[in-house]
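Subject: Handing over the structure, with notes on what was found

Dear colleague,

I am passing this structure on to you, and I hope the notes below will help you find your way around it. Please keep the view open while you read.

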Amino acid sequence: MRGTMAWLSRGAFVLAVSSASLAVFAGFGSRAGWWHFMTGFQLLEWAAYGGVAAVVLGALGGLASFSQATRRGLWFGLIAILIGLPVVGIPWDMKRTAQRVPAIHDITTDVEDPPRFVSVLPLRRTSQNSAEYGGAGIAEQQQRAYPDLRSVPLPVPAQKAFALALQAAQSLGWDLVAADEGEGRIEATDTTFWFGFKDDVVVRIRARGDQSVVDIRSLSRVGKSDVGANAKRIRDYVRTLNDVLAGA
């Protein structure tokens with residue numbers, strides 16, 4: 001019986017490591033172009049199932065090993081649980097977020113007059129999603145889900161605001177596509193770490209008397225829902241812009 005419990009814990013450990021590896025490669029394989037991102041999502045789902053099994057088996061094996069004072073089995077069970085939980089938790093959190101936010105992929109701080117993409121358009125020729133704004137329906141969904149996203153007033157002239165906006169974009173590690181001070185327009189592409197999704201961003205700076213106002217728009221190239229990624233990107237940018245302004 002003791003040997004059986006030890007093998008149960010070891011099996012849970014092997015399953016947890018295998019599931020974690022599958023989850024990692026699900027995303028990075030999509031990023032590398034080895035398979036379509038939808039295949040990556042399917043692999044991630046399978047990895048989550050494996051993670052659930054690893055956690056259950058690790059708990060059973062660990063508890064049995066603890067009662068039998070089998071230290072090795074206990075450690076294998078605990079490690080299986082520690083590895084399996086994030087393998088389950090990350091996809092579960094993504095799914096929960098996708099159910100909570102609207103299935104849209106174009107987010108902007110100005111829904112009435114969203115900044116327009118210009119220089120990035122050639123890079124979007126094969127994109128699944130159009131660069132044209134979806135109109136009132138998209139705006140209504142965004143405002144319900146992300147009421148905090150608004151134009152950003154800056155207490156500096158437009159020329160200074162442009163420099164600050166550019167600095168903020170560069171500090172976030174975006175791939176700069178265009179920085180046209182005359183038009184007050186900055187365009188860039190942000191690539192997600194895991195699946196390698198490419199989302200395009202345009203920042204617009206306009207004069208408002210002797211001050212200025214900044215608007216941001218973030219648009220996914222693929223996928224009906226961005227699972228909240230574009231709103232998060234805009235929030236991160238606004239926070240970074242305010243930090244840059246405070247340090248200027």
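Which two side chains, one of them from Asp113, meet in a salt bridge at 3.7 Å, N to O? Please bear in mind while reading that this is a predicted model. The partner of Asp113 is Arg204, and their side chains meet at that distance, taken from N to O. Asp113 lies in the loop between β1 and α4 (136-145), whereas Arg204 lies in strand β5, so the pair ties together parts that are 91 residues apart in sequence. As for their surroundings, Asp113 is partly exposed, with a relative accessible area of 35%, while Arg204 is buried, with a relative accessible area of 10%.

Other charged pairs also involve strand β5, and I describe two of them here. Asp200 forms a salt bridge with Arg124, in which the closest N and O atoms are 2.7 Å apart. This pair links distant parts of the chain, since Asp200 is in strand β5 and Arg124 is in the loop between β1 and α4, 76 residues apart. Both Asp200 and Arg124 are buried.

The other pair is formed by Arg233 and Asp199, whose closest N and O atoms are 2.9 Å apart. Here too distant parts of the chain are linked, with Arg233 in helix α6 (residues 229-247) and Asp199 in strand β5, 34 residues apart. Arg233 counts as buried at 7% relative accessibility, and Asp199 counts as buried at 4%. Salt bridges that share partners also join Asp110, Asp113, Arg204, Arg206 and Asp215 into one network. In the whole model, the count comes to 18 salt bridges.

Next, the strands. Strand β6 (residues 211-220) is mostly covered, with nine of its ten residues buried. Strand β5 (residues 198-208) pairs with β6 in the antiparallel sense over ten bridges, and within that pairing the bridge partner of Ala207 in β6 is Ser212. The two strands, β5 and β6, form a hairpin with two residues between them, and Gly209 in the turn has a positive phi of about 70°.

Strand β6 has further partners. Strand β1 (residues 106-108) pairs with β6 in the antiparallel sense over three bridges, and Ile107 has Ser218 as its bridge partner in β6. Strand β2 (residues 152-154) likewise pairs with β6 in the antiparallel sense over three bridges, with Leu154 standing opposite Ser212 in β6.

Turning to the interior, which residues have the most contacts inside the largest nonpolar core? They are Val203, Ile205, Val214, Ile216, Tyr237 and Leu241, and the core as a whole has 29 residues. At least two residues of this core come from each of β2, α5 (158-171), β4 (185-191), β5, β6 and α6, and α5 gives the most, with seven residues. Ile205 illustrates how these parts come together: leaving aside its neighbours within four places in sequence, Ile205 is in contact with Ala158, Ala161, Phe162, Ala165, Gly184, Ile186, Ser212, Val213 and Val214. Apart from the largest core lies another core, of nine residues, among them Leu44, Ala47, Val87 and Phe195.

Helix α6 deserves one more look, at Thr240, which has its place in that helix. Is Thr240 buried or exposed? Thr240 has a relative accessible area of 16%, and because buried means under 20%, Thr240 counts as buried. Not counting residues up to four places away in sequence, Thr240 touches Ala168, Ser171 and Leu172.

Lastly, the outside of the model. In soluble globular proteins, nonpolar side chains tend to be buried together. With that in mind, you may wish to look at a nonpolar surface patch of about 580 Å², which is made by Val24, Phe25, Phe28, Trp34 and Phe193. One of these, Phe28, lies in helix α1 (residues 2-32) and is partly exposed, with a relative accessible area of 31%.

With best wishes

Definitions and conventions:
Residues are numbered from 1 along each chain as its sequence is written. This is a predicted model: local features need pLDDT of at least 70, side-chain atom pairs count only at pLDDT 80 or more; totals for chains, interfaces and linings use all residues. Side-chain values use heavy atoms; hydrogens and water are left out. Patches are made of residues with over 30% relative accessible area and no salt bridge: like charges are joined within 9 Å, nonpolar side chains (Val, Leu, Ile, Met, Phe, Trp, Tyr) within 5 Å. Accessible areas come from the Shrake-Rupley method with a 1.4 Å probe; for residues, only the protein chains shown count as cover. A salt bridge is a side-chain nitrogen of Lys or Arg within 4 Å of a carboxyl oxygen of Asp or Glu. Helices (H or I, at least four residues) and strands (E, at least two) are DSSP runs, numbered from the N terminus. Buried means under 20% relative accessible area, exposed over 50%, partly exposed in between (1.4 Å probe, protein chains only). Two strands pair if DSSP finds at least two bridges between them. A nonpolar core is a set of buried Ala, Val, Leu, Ile, Met, Phe, Trp, Tyr and Cys residues joined through side-chain atoms within 4.5 Å. Contact means heavy atoms within 4.5 Å.
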